[in-house]
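Thank you all for coming, and please bring the picture up on the screen before I begin. I will go slowly and explain each term when it first comes up.

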Amino acid sequence: MKNARLAAFELVYNVINNSSYSNLSLDSALKDVSSEDKSFFSALSLGVIERRITLDYIVSRFLTSRTKPKVKILLYLGAYQLYFMDKIPSSAAVNETVELSKQVGCSYYSGLINALLHKIDENRIDVDSLEDLSVRYSCPSALINMWKKHYGDDNTLNILNEINGVPPVFAIPNTLYVDRDELGYELLCDKIENEPYGDVIKITSPFDLSKSNAFKNGLFHIEDYSSYLCAKALEAKEGETVFDVCSAPGGKAFTIAEAMNNRGNLYAFDLHINRVKLISDGAERLGLTCIKADVNDASVYNPSLPKADKILCDVPCSGFGIIRRKPEIRYKELDGIKELFELQYQILLTSSKYLKRGGRIVYSTCTLNKKENEKVVKRFIDENGGFKLLSQKTIFPEADSGDGFFFSVMELNDD
């Protein structure tokens, strides 16, 4: 087993310097960390990534010259423990970081690291009172300014108050077998504490899916509540033909199939075969035989596919609504996401060509950016006759509810 702080250093280094994805890196690294250290490792590594701007401000007050990337990350790790991990004594935060410097080939800088961390500890500031919102919430100014322009100051402040929080976990009952209350009882039998939330279950204790009989028996799947609401907005019915054009890992498809009572045809597509397997494996575990998972490029029309009654078009996006799940997303350059706008439009346009007259199409993203949301929908309706906008919803992240999300419900006239 690997030392938790060493594992955290490696993960943070790979995310910051090699553009690795935090969720994938975390899943991989957890296998090498002892069970008693997993919680500390996860909190430290993800915490440093999400608080990177704040930590850089704290460290830069005393580090007046450039230094090696490894040393900077070591200082971030030490400062994070001092500022944001109350249960870690200051002496342990400093001493363990100095020892870690020797393990990662930075022995030469151990004295500097020791001195700087002591200064940081002795000269603390109140982060929550900082006027600079970028430093206080560790979010780039460009993203904050975009949110202010699109959603106003109050909504922006609410978003910022949530991006560093821990997102809740929701279990969606497989209604082929259980309802909400029955699932809650089954989870309690697995020693997983929970409470009802609407017509789903919110899990309120740590849990391990691999040890849950309710999960093994296909009684639920995990899905964010905002995503669940989007899937329900499709209003799929028994016997219909439904497309989920960008489906992996399959959470929305599972919710839709259960709404269809597993009767009909639900085509769940993804561009990559390994991600298609995630859908098919999940459907098999849940006993959802109406799901047909396959590879398909959502941006290119496929004449071999049938016409559909309902289509979910959950397009690739910048992900600015799920920052609390993937903290490195906040550091994306806004200019770097411009190419998404055309792809999103093309996927929506292509998907609409499969729709039957009178059919419904839902366009959705897990981002908070009107250029990827309302503007794509407006362009689509303006340039394609026959489509009517039924409803449109932006969901802001909340501490006890779903992630930031957007979905638009449209219908093709039947004349």
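**Helices that cross**

Let me begin where helix 5 passes helix 6 in a right-handed crossing. A crossing is called right-handed if the near helix is turned clockwise from the far one by less than a right angle, and left-handed if it is turned anticlockwise. Helices here are DSSP runs of H or I with at least four residues, strands are runs of E with at least two, and both are numbered from the N terminus.

Before going further, I should say that this is a predicted model, in which local features need pLDDT of at least 70 and side-chain atom pairs count only at pLDDT 80 or more, while totals for chains, interfaces and linings use all residues. Residues are numbered from 1 along each chain as its sequence is written, and side-chain values use heavy atoms, with hydrogens and water left out.

Two packed helices are described by the angle between their axes and the distance between the axes. For helix 5 (residues 69-84) and helix 6, the axes come within 9 Å and cross at roughly 165 degrees, where axes are lines fitted to C-alpha atoms, for helices over the stretch in contact, and angles run from 0 to 180 degrees between N-to-C directions. Helix 5 and helix 6 are therefore roughly antiparallel to each other; the words used are roughly parallel for angles under 35 degrees, roughly antiparallel for those over 145, roughly perpendicular for 65 to 115, and oblique for the rest.

Which residues of helix 5 and helix 6 make the contact? From helix 5 they are Leu 74, Leu 77, Gly 78, Gln 81 and Leu 82, and from helix 6 they are Ser 90, Ala 93, Val 94, Thr 97, Leu 100 and Ser 101, contact meaning heavy atoms within 4.5 Å. Six of these residues are nonpolar, five are polar and none is charged, where Ala, Val, Leu, Ile, Met, Phe, Trp, Tyr, Cys and Pro count as nonpolar, Asp, Glu, Lys and Arg as charged, and the others, Gly among them, as polar.

Helix 6 (residues 90-103) also packs against helix 1 (residues 4-18), at an angle of about 65 degrees and with the axes 10 Å apart. Helix 1 and helix 6 are therefore roughly perpendicular to each other, and helix 1 passes helix 6 in a right-handed crossing. Arg 5, Leu 6 and Phe 9 of helix 1 meet Ala 92, Glu 96, Leu 100 and Gln 103 of helix 6, which gives four nonpolar, one polar and two charged residues.

**Two sheets**

Let us turn to the strands, where two strands are said to pair if DSSP finds at least two bridges between them. One open sheet has seven strands in the order 7-6-5-8-9-11-10, with mixed pairing. Strand 7 (291-295) and strand 10 (387-395) stand at the edges with a single partner strand each, so one side of each is left without a neighbour in the sheet. Neighbouring strands of this sheet are turned by 15 degrees against each other on average, direction ignored.

Within this sheet, strand 5 (residues 241-244) and strand 6 (residues 265-270) pair in the parallel sense over four bridges, and Asp 244 has Ala 268 in strand 6 as its bridge partner. Helix 14 (residues 273-286) packs on the sheet, touching strand 6 and strand 7, and its direction makes about 170 degrees with that of strand 7.

The other open sheet that I want to show has four strands in the order 2-3-1-4, with antiparallel pairing. Its edge strands are strand 2 (194-197) and strand 4 (220-222), each of which pairs on one side only. Strand 1 (residues 169-173) and strand 3 (residues 200-203) run antiparallel and are joined by three bridges, and Ala 171 stands opposite Ile 201 in strand 3.

**Two details in loops**

Most residues other than glycine have a negative phi, and most peptide bonds are trans. Ser 138, however, has a positive phi, near 55 degrees, and lies in the loop between helix 8 (133-137) and helix 9 (141-162). A cis peptide bond, with omega about 5 degrees, joins Ala 248 and Pro 249, and Pro 249 lies in the loop between strand 5 and helix 13 (251-259).
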